[in-house]
Amino acid sequence: VLNWKVVKNLITDDQFFEPLKAYECVGPKTGAVEKYAYINRIQRRLDGLMKDIDEVDKYNLGLGVLLKFLKAVVDLRIKDIRKRRTEKERLREIRRKAIDDKKEWEEKREIAIAEALKAAEDEAAVKQAELDAQRQKDVDAGDVDDGDGAQDDEEQNAEIPDEVIEDIDLDLEPEEEPAQ
C-alpha cells in the first residue's frame, strides 16, 4: 500500500516534474544506463501494470495518469529507435548501391577504353603511314576517345555517400530487439 502522506513530500518539482519535462524520448542515448533502466525492461514492467490500469485508477487517479504517461513515453522511445534503425539501414543500402554502381561504371569504362584502344591499334596498323604522327600526338596528350564523348565521365562519376554510422542507444538491452 502506497502511503501518499510520505510520497507527496518526495514528489517535488526539482526531483520529479523537472526530470519528466527534461526527458527526450527521441534521438540516440549515449550515457551509461543501469541494467534496470533499459527501455525494453521498463516496457515489460509497464505492460504488466497496464493490464490492471482500471484498478490503479480506482486506487489513485494520479498514479494511473502517471502510468499512462510513462507507457506513452516508452512506446515513443521504442518507435524512435526502430525508425532511426530503419533510416540507417536505408542509408546503408543507398551507399551500397552507389558503390556497386560506381564499380559497374568503372568496369564498363575500362572495357570501353580497352575496346577503343584495340580499335585504334587496328586502325593504326592499316593506316600506319599516314596517321603515325597524329596518333603519337594524341596518345602523348592522353586524348583517347571511346566514341561516346567525354561527357560520360562527368555524368557517370557519381559521388558515393559517406558511410552510415549506427546511433548509440545505451538505454536498450544489447542483442535484444524492442518489443512491439
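Leaving aside its neighbours within four places in sequence, which residues is Arg-84 in contact with? Keep that question in mind as you explore this predicted model; the tour will come back to it.

**Stop 1: the whole chain**

Start with everything shown as a cartoon. You should find seven helices and zero strands. Walking from the N terminus, the order of elements reads α-α-α-α-α-α-α. The chain has 180 residues, and 21% of them are buried. Now switch on the surface: about 13800 Å² is exposed, with 54% of that supplied by carbon and sulfur atoms. Contacts are worth a thought too. Among those in the chain with a separation of 6 or more, 80% are between residues 24 or more positions apart.

**Stop 2: Arg-84**

Next, select residues 61-126, which make up helix H5. Arg-84 has its place in this helix. Is Arg-84 buried or exposed? Its relative accessibility is 12%, and because buried means under 20%, Arg-84 counts as buried.

Now for the opening question. Beyond its neighbours within four places in sequence, Arg-84 is in contact with Gly-27, Pro-28, Arg-77, Asp-167 and Asp-169. Select those five together with Arg-84 and turn the view around them.

**Stop 3: a network of charges**

Keep Arg-84 on screen and add Arg-77, Asp-80, Lys-88 and Asp-167: salt bridges link these residues and Arg-84 in a network. Zoom in on Asp-80 and Arg-77, whose side chains meet in a salt bridge with an N to O distance of 3.4 Å. How far apart are Asp-80 and Arg-77 along the helix? They are three residues apart in helix H5, so about one helical turn separates them. Both Asp-80 and Arg-77 are buried.

**Stop 4: further along helix H5**

The structure holds 16 salt bridges, and here are two more to look at. Select Arg-92 and Glu-89. Their closest N and O atoms are 3.4 Å apart, forming a salt bridge. Both residues lie in helix H5, three residues apart, or about one turn of the helix. Glu-89 has a relative accessibility of 39%, so it counts as partly exposed.

Then select Glu-93 and Arg-96. The side chains of this pair also meet in a salt bridge, 3.0 Å from N to O. Because Glu-93 and Arg-96 are three residues apart in helix H5, about one helical turn separates them. Are they buried or exposed? The answer lies in between: Glu-93 is partly exposed, with a relative accessible area of 44%, and Arg-96 is partly exposed at 37%.

**Stop 5: rings**

Time to leave the salt bridges and look at aromatic rings. How many aromatic pairs are there? The count comes to one. To see it, select Phe-16 and Phe-17, an edge-to-face pair with ring centres 5.0 Å apart and 85 degrees between the planes. Phe-16 is partly exposed at 24% relative accessibility, and Phe-17 is partly exposed at 38%.

For the last view, select Tyr-23 and Lys-29. What sits over the ring of Tyr-23? It is the charged end of Lys-29, 5.2 Å from the centre of the ring.

**Before you close the viewer**

Try finding Arg-84 once more without help. Look for it in helix H5, then pick out Asp-167, which belongs to the salt-bridge network with Arg-84 and is also among the contacts of Arg-84.

Definitions and conventions:
Residues numbered from 1 in each chain as written. Predicted model: local features only at pLDDT ≥ 70, side-chain atom pairs only at ≥ 80, totals over all residues. Heavy atoms only, no water. Helix = DSSP H or I, 4+ residues; strand = E, 2+ residues; numbered from the N terminus. Buried < 20%, exposed > 50% of the residue type's maximum accessible area, 1.4 Å probe, protein only. Contact = heavy atoms within 4.5 Å. Areas by Shrake-Rupley, 256 points an atom, 1.4 Å probe, with all protein chains shown as cover. Salt bridge = Lys/Arg side-chain N within 4 Å of Asp/Glu carboxyl O. Phe/Tyr/Trp six-rings, centres within 6.5 Å; stacked < 30°, edge-to-face > 60°. Lys NZ or Arg CZ within 6 Å of the ring centre and 35° of its normal.
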